[in-house]
Amino acid sequence: MSKIHAAITAVNGYVPDYVLTNHELETMVDTNDEWITTRTGIKERRILKGEGLATSDMALPAVNGLLEKRGITAKEIDLIIFCTTTPDRVFPATANILAQKIGAVNAWGYDLQATCSGFLFGLTTGAQFIESGKHKKVLVVGGDKMSSMINYADRTTCIIFGDGCGAVLLEPNDEGNGLIDSVLKSDGSGVQFLNQKAGGSLHPASHETVEANEHYLYQEGQAVFKFAVTNMAEVAAEVMDRNNLKSDDIAWLVPHQANKRIIDATAARTGVSADKVIINIEKYGNTTNGTLPLCLWEWENKFKKGDNLILAAFGGGFTWGAVYLKWAY
Ligand code: UT7
């Protein structure tokens, strides 16, 4: 009997309408389009505007569109894994909130926190439920409302991040397509370089934490860059090596969209040519858990059945990883 793989059978995405351009940022902080473009590759990012809107409100249209594309109802979903660093609330899980919003009354779910590597951790975890035969339809959502934790007076971080959400459906595949392998890593010694200082059990919210700006994302950019530029490339190369894949075997490299220079380094290390590297950072910036599913969504029409894809990511924690999958449709 052939092995059951977990294959992506549908993908969809959602980005908010509001476009925050580099030129608008020039009016908010001491920066300029040239600096942002050459240092990061970002030209604009999307921002979820409006009272009472949270990460799940971006997941809702993304998932409803996905269900429509696949021609199934939410009642058929067995499990929802919501990969996010900006959950609607500390608790309950955004997966629960989304399940209620879409009407996934037969699903259970949980949130997965692995910062920018979250979607890869979620994909790999979700695949286990398909491969084991436990579930037939697993929804993996990756999305963040990064604007909810960005200090728009801090030029070192506000230029990077944006809001957006994507989702994929995992189903069993017996044709050899789907998730083949993954290499996932985490290293807690990186906590000091990229974190949100307050709001958790270590430093609960107080007047003092608010006054000290400790609820905003904190990043030491250079330290994160150094770790990311080496490790994202290494892990992508590792998953290729152990599956005997040469650069010519790769149809698409799908890198986390944090910085164009990190993407270029990963492409160079793996030998994948520029025309096969998926990049949309110029439009959306870093949407954290959203980058990879948004890339899959935008390139879906270019993929062919059996294409070899390498997904790679790096994020705070530190967390990083790469996934090798064969496109299934
Ligand atoms: O997905 C999560 C993982 N996160 C990442 O992967 C982010 C990794 N880090 C980076 O992408 C880069 O480190 C940044 C884009 C954040 C910063 O780029 P950099 O080339 O590392 O710049 P830098 O921090 O070394 O700063 C260089 C200079 C500094 O000025 P001085 O000290 O040389 O006078 C900064 O103050 O650029 C200045 N600077 C800016 N100038 C104009 C910092 N931010 C800005 C800005 N506009 N927005």
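In this predicted model, Thr 115 is buried, with a relative accessible area of 18%. That value counts as buried because the cut-off is under 20%. Thr 115 sits in the loop between strand 5 (108-112) and helix 5 (118-131). Its backbone also stands out: phi of Thr 115 is near 45°, a positive value in a residue other than glycine. A second threonine follows this pattern. Phi of Thr 288 is near 60°, again positive in a residue that is not glycine. Thr 288 belongs to the loop between helix 10 (281-284) and helix 11 (291-299). Thr 288 is buried, with a relative accessible area of 3%.

Two peptide bonds were also noted for their geometry. The bond from Phe 91 to Pro 92 is cis, with omega near 0°. Pro 92 lies in the loop that runs between strand 4 (79-83) and helix 4 (94-102). The bond from Gly 317 to Phe 318 is cis as well, with omega near -5°. Here the loop is the one between strand 12 and strand 13, where Phe 318 is found. Most residues other than glycine have a negative phi, and most peptide bonds are trans.

Val 210 offers a contrast in exposure. This residue is part of helix 7 (residues 207-211). Val 210 is exposed, with a relative accessible area of 53%. The cut-off for exposed is over 50%, so Val 210 qualifies. Its C-alpha atom is separated by 8.5 Å from that of Ala 198, and the two residues are 12 apart along the chain.

The nonpolar interior was examined next. The largest nonpolar core holds 39 residues, of which Leu 217, Ile 310 and Phe 314 touch the most other members. Two or more residues of this core come from each of helix 8, helix 9, strand 12 (308-315) and strand 13 (319-326). Helix 8 gives the largest share, seven residues. Both domain 1 (5-176) and domain 2 (180-326) contribute, with at least three residues from each. In soluble globular proteins, nonpolar side chains tend to be buried together.

The ligand site also draws on both domains. At least three residues of the shell around the ligand come from each of domain 1 (5-176) and domain 2 (180-326). The shell has 23 residues, and Thr 31, Arg 39, Gln 222, Asn 259 and Asn 286 come nearest to the ligand. By class, the shell residues divide into 10 nonpolar, nine polar and four charged. Four helices each supply at least two shell residues: helix 2 (33-40), helix 6 (155-158), helix 8 (221-241) and helix 9 (260-270). Helix 8 provides the largest share of the shell, four residues. Helix 8 thus has the largest share of the shell and of the largest nonpolar core.

Polar contacts to the ligand were then listed. Gln 222 places a side-chain N or O atom 2.5 Å from an oxygen atom of the ligand. Gln 219 has a polar side-chain atom 3.1 Å from a ligand nitrogen atom. At Gly 221 the partner is in the backbone: an N or O atom there lies 3.1 Å from a nitrogen atom of the ligand. On its own, the ligand has 960 Å² of accessible area, and the protein covers 75% of this area.

Definitions and conventions:
Residues are numbered from 1 along each chain as its sequence is written. This is a predicted model: local features need pLDDT of at least 70, side-chain atom pairs count only at pLDDT 80 or more; totals for chains, interfaces and linings use all residues. Side-chain values use heavy atoms; hydrogens and water are left out. A residue is near a molecule or strand if one of its heavy atoms lies within 4 Å of it. A polar contact is a pair of N or O atoms within 3.5 Å; within protein, one must be able to donate a hydrogen and the other to accept it, and residues adjacent in sequence count only if both atoms are side-chain atoms. Accessible areas come from the Shrake-Rupley method with a 1.4 Å probe; for residues, only the protein chains shown count as cover. Ala, Val, Leu, Ile, Met, Phe, Trp, Tyr, Cys and Pro count as nonpolar, Asp, Glu, Lys and Arg as charged, and the others, Gly among them, as polar. Domain bounds come from an automatic or database domain assignment. A nonpolar core is a set of buried Ala, Val, Leu, Ile, Met, Phe, Trp, Tyr and Cys residues joined through side-chain atoms within 4.5 Å. Buried means under 20% relative accessible area, exposed over 50%, partly exposed in between (1.4 Å probe, protein chains only).
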